[in-house]
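Here is a walk through a structure you may not have met before. Keep the 3D view open while you read, and turn it as we go.

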Amino acid sequence: MKLARLVLQNLIRNRKNLFFSSIGLVVGISTFVFFVALGQGVQTVVLEDIFVIRQVEVVPRSFDLAITQTSISRLDPRAIDRLASIDGVVKVYPKMKFTFPAWATGGEEILGKNFRAEVVADGVPPEIIRDEIERGEAFRDWDADFTCRGEGTGAEVGCPEGRRCIDGHCTKLPCNPDSPERFSLCKAPTYCAEDTRTCEMPLPTVVNPTLLAVYNSSLTTALAAGDGARLPKLTEDAIIGFTFDIELGRSYLGTSAQGDPIKRRAQVVGFSTKAIQVGFTLPIQYVKRYNARFTGERMRNEYHSVILVAESNDRVAAITKAVKELGYDLDAKHAQAERLGLVITIVTLIFTFISLLIVTISAINIAHTFLMIIAERRREIGILRALGASRNHIRTVILGEAAFLGVLGGTLGILVGIAAARLVDYLSAAYVPDFPFKPQSYFIFETSHLVTAIAAAILFCIVGAFMPASRAANMEPARAFTTQ
Amino acid sequence: MSATAPTPTPETSRVVEINGLNKYYGRGRNRNHVIKDLSLQIHAGELLAIVGTSGSGKTTLLNILGGLDRDYEGSVEIDGQELRSLSDRRLSRLRNQTMGFIFQSFNLLPHITCLENIMVPAYFSSSALAESRRRARDLVELVGLRDKANDRPTELSGGQKQRVAIARAMFSKPSIILCDEPTGSLDQSTSVQILTLFHALNHTEGATFVLVTHDEKVSGACQRVIRLEDGCILSDHRQVPVLPDASSHPQPPMPS
């Protein structure tokens, strides 16, 4: 404590010299803090928002035959059980894509005009998405068998809208699509289907937030009429509840090999990162039924991929290895994410290395400053030795000055780094056009990184001052008085 | 003005015991034998002057006595402890607790106040800070600089600086105070004041003073004078100390 007073007195006395020699330290630490936070921020966006690295998508192994791909393994219910038993896998959910053509029409109510587009859709078990969306109960198989009690329609007897309770089962209400009264027969949200001539609930769909990000950043211009006008930007709230028509079994590409095309209405009930990135996702029961209807019964249990949710990011490597050993492949996205993650890590490491280089140069500068200070203080060190300071006292005082300089330089470096990050975020928000997944901040400052920065600053200062401190401590007091 | 001091008898305890001391500077052909087979005892309470011409080895002897230079041959004991056998830590503690140093050029730390300068030895001891501050205040009063306690050394005259240095040397109540040309940078009048202070402290605190000087008036104020020549003791005699008369020398004006 008493030596701390001496340290403080010396720091105040040499403040100018120390200030100039610590500029390098501040620059180095701020560079370190800035790039580590940038790397962390970008990696988080890439690996947690764009590619969810904790989710591994397994696909059947296939090989290329010049123009076609042939699968040599299948994803059936038995395969899913095997994948679920891999160590570190906490959840498994199979995905099944539409295997027939379909197109969708609609959009006027939110975009101002109708669009017709080819449908890309898949199905997942509703229970894995239900918890993620606000209207979770709406994402279910409405064509399933519902049991009920008593007689009547609606929720009071346990039936969904558009059904009547008959003999303990909810039966769809009949309707006539050609009748002008068809709207009053089927109460919203049900509608009168042309093929079944019954009231049907719209197909519940969920959309991936990626699609909304891509739409808001790029498609608002691309889908406009070309006269410079832009389609409105949309929010999740604006899209939830939006309905559109689908024709299953027919599209621009042609009609399905079997089964007559049917028309259905669909409704967006929520957003989920588990949904297909371009297109929409339905409860898997619908997809199973439609694939069987338009492609054949064998497609009812033929999954296209399986998502394995890992216990943590650390388990992903072991899980991917086990998946390959079982004869399956990983979706190309996973390899892409790994490559991108690696690139970000390498770039971050390069900048971290550069910042450490700056700090090292600064440590040399600090060493030079301390050597200079000690040469100036030669006589003073002799006085302190004469008054009872041991070699350890002298070493402690000088290293204490270095450590204090490290704390000050490190703290200032962190503040400069954070200020630079805030400036970049501000400039990005103000001047950089929106792009998919444009984050509010590109930086994530973790406490551990800030502590490391301070520790590195202290360490480099102490390393820089170590040799001068030892030289001062080993100085013979008598020589300190006689030599200048 | 003159003053007398009790002459220590050989029975009085020895503070310093030097036997067969040799000191060399340089190596090979350039080796210079500066202290030659010197033996000496200094007793508690003595006010002793070491005199001699430049290069006679006075300051070298003082540095060796103070443990500031341990590159010697022979034996040097302070309070019964052979300096070369002590670890750096124990030697430092000995300097801190048993010795006081007063230099010709004062050697005060210019960036701290007089009071803080007096307290510097406390930084390297186990004494409490509050107690050290009290002791420093007592000493600054003892040397007559109470109103200068919070001034920096750059604001003081030479005599005042040397008073602060004396107070610092007395801080740990040392048994021996080593002074290297303590009046060398002072005018005659101030030198007398400093010598008077040495006498007073020698009486009141019982401290042993070893003064290295080439000034006959300073050595004349000491009870014992050892004359060195070419690294050897030429003479060692006791005398009745005579302090020069301060009244014949006008007090220099205080610096503004």
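Set aside the neighbours within four places in sequence, and E17(B) is in contact with five residues: L40(B), Q41(B), S75(B), V76(B) and E77(B). Keep in mind that what you're looking at is a predicted model. You'll find E17(B) in strand β1 of chain B, which runs over residues 14-25. Is E17(B) buried or exposed? With a relative accessible area of 16%, E17(B) is buried, because buried here means under 20%. The side chain of E17(B) also has a polar partner: it makes a polar contact with the side chain of R14(B), at 2.9 Å.

Now zoom out to the whole of chain B. The chain has seven helices and 10 strands, and 55% of its 256 residues count as buried. Take the contacts in chain B between residues at least 6 apart in sequence: 69% of these join residues at least 24 apart.

For a good look at the inside of chain B, pick out strand β8, residues 208-213. Six of the six residues in this strand of chain B are buried, so the strand is largely enclosed by the rest of the structure. In a regular strand, side chains alternate between the two faces of the sheet. You can follow both faces in β8(B): T208(B), V210(B) and V212(B) sit on one side, F209(B), L211(B) and T213(B) sit on the other, and all are buried.

Which strands pair with β8(B)? One is strand β3 of chain B (residues 47-52), which runs parallel to β8(B) and pairs with it over five bridges. Along that pairing, V51(B) stands opposite T213(B). Another is strand β7 of chain B (residues 176-180), also paired with β8(B) in the parallel sense over five bridges. There, D180(B) stands opposite V212(B). As for what links such strands, pairing within a sheet goes through backbone hydrogen bonds, either parallel or antiparallel.

Chain A gives you an antiparallel example. Look for an open sheet of three strands in the order β8-β9-β10 of chain A, with antiparallel pairing. Its edge strands are β8 (152-153) and β10 (169-172) of chain A, each pairing on one side only. Between β8(A) and strand β9 of chain A (residues 163-166), the antiparallel pairing covers two bridges. To spot the pairing on screen, find T153(A): its bridge partner in β9(A) is R164(A).

Last stop: the place where the two chains meet. How many residues take part in the contact from each chain? Chain B gives 27 residues and chain A gives 23 residues. Between them, the two chains bury about 2300 Å², with 61% of that on carbon and sulfur atoms.

There are charged links across this interface too, with three salt bridges found between chain B and chain A. One to look for joins the side chains of D88(B) and R385(A), at 3.0 Å from N to O. Nine residue pairs are in polar contact across the interface, counting pairs with both residues at pLDDT 80 or more. On the side of chain B that touches chain A, the elements giving two or more residues are α2 (88-98) and α4 (129-142) of chain B. The largest share of that side, five residues, comes from α2(B). Sorted by class, the side of chain B that touches chain A has 11 nonpolar, nine polar and seven charged residues.

Technical notes: Residues are numbered from 1 along each chain as its sequence is written. Chains are lettered from A and ligands numbered from 1 in the order in which they are written. This is a predicted model: local features need pLDDT of at least 70, side-chain atom pairs count only at pLDDT 80 or more; totals for chains, interfaces and linings use all residues. Side-chain values use heavy atoms; hydrogens and water are left out. Contact means heavy atoms within 4.5 Å. Buried area is the accessible area (1.4 Å probe) that two parts lose on being put together, summed over both. A salt bridge is a side-chain nitrogen of Lys or Arg within 4 Å of a carboxyl oxygen of Asp or Glu. A polar contact is a pair of N or O atoms within 3.5 Å; within protein, one must be able to donate a hydrogen and the other to accept it, and residues adjacent in sequence count only if both atoms are side-chain atoms. Helices (H or I, at least four residues) and strands (E, at least two) are DSSP runs, numbered from the N terminus. Ala, Val, Leu, Ile, Met, Phe, Trp, Tyr, Cys and Pro count as nonpolar, Asp, Glu, Lys and Arg as charged, and the others, Gly among them, as polar. Two strands pair if DSSP finds at least two bridges between them. Buried means under 20% relative accessible area, exposed over 50%, partly exposed in between (1.4 Å probe, protein chains only).
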